[in-house]
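Let's read a structure together, one feature at a time. Bring your questions as we go.

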Amino acid sequence: MKLNFLTGLYYFHVAALHLSFKEAANTLSVTQAAISQQVRGLEERLGAPLFLRTHRQIQLTREGQLLHRHTTTGFTALEEGVAQLSIDSDPYTLKVSVLPSFA
């Protein structure tokens, strides 16, 4: 399976964390329509609904709960991997940051 649907997975993940397309859109600085479109495309690709949509709220379906467990594991691992790359390669160097007026 190709990974050309990572955006949809990430948008789903954030929406599932908040249980809100509006909050997910605010978090990601995109529109609610963008969240909805990506999630709907992911649902079509998977052939299963991931959210139960009501007038003012969303809930994860059984499939959505299962997928959310996996996206949480996957995105957490990615964040940890990126953090490891950001570790200072020279731990004996002291970096000091001050305001120009103080320096």
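What follows is a short dialogue about salt bridges, helix packing, buried residues and a surface patch.

Q: Before we start, what kind of model is this, and which residues and atoms count?

A: This is a predicted model, in which local features need pLDDT of at least 70 and side-chain atom pairs count only at pLDDT 80 or more, while totals for chains, interfaces and linings use all residues. Residues are numbered from 1 along each chain as its sequence is written, and side-chain values use heavy atoms, with hydrogens and water left out.

Q: How many salt bridges does the structure hold?

A: Side chains of opposite charge can pair when their charged atoms come close. A salt bridge here is a side-chain nitrogen of Lys or Arg within 4 Å of a carboxyl oxygen of Asp or Glu. The structure holds two. One joins Arg-53 and Glu-43 at 3.0 Å, N to O. Arg-53 sits in strand β1 (residues 51-53) and Glu-43 in helix α3, so this pair ties together parts that are ten residues apart in sequence. Helices (H or I, at least four residues) and strands (E, at least two) are DSSP runs, numbered from the N terminus. Glu-63 pairs with Arg-62, and their closest N and O atoms are 3.8 Å apart.

Q: Is Glu-43 buried or exposed?

A: Buried means under 20% relative accessible area, exposed over 50%, and partly exposed in between (1.4 Å probe, protein chains only). Glu-43 is buried, at 8%, whereas its partner Arg-53 is partly exposed, at 34%.

Q: At what angle do helix α2 and helix α3 pack?

A: Axes are lines fitted to C-alpha atoms, for helices over the stretch in contact, and angles run from 0 to 180 degrees between N-to-C directions. Helix α2 (residues 21-28) and helix α3 (residues 32-46) pack at about 110°, with axes 8 Å apart. That makes α2 roughly perpendicular to α3, a label for angles of 65 to 115 degrees; under 35 counts as roughly parallel, over 145 as roughly antiparallel and the rest as oblique.

Q: Which residues does Leu-67 contact beyond its neighbours within four places in sequence?

A: Contact means heavy atoms within 4.5 Å. Leu-67, in helix α4, is in contact with Leu-9, Phe-12, Leu-42, Leu-46 and Leu-50. Leu-67 is buried, with a relative accessible area of 18%.

Q: Where does Phe-102 lie, and is Phe-102 buried or exposed?

A: Phe-102 lies in the segment after α4 (62-85) and is exposed, with a relative accessible area of 68%.
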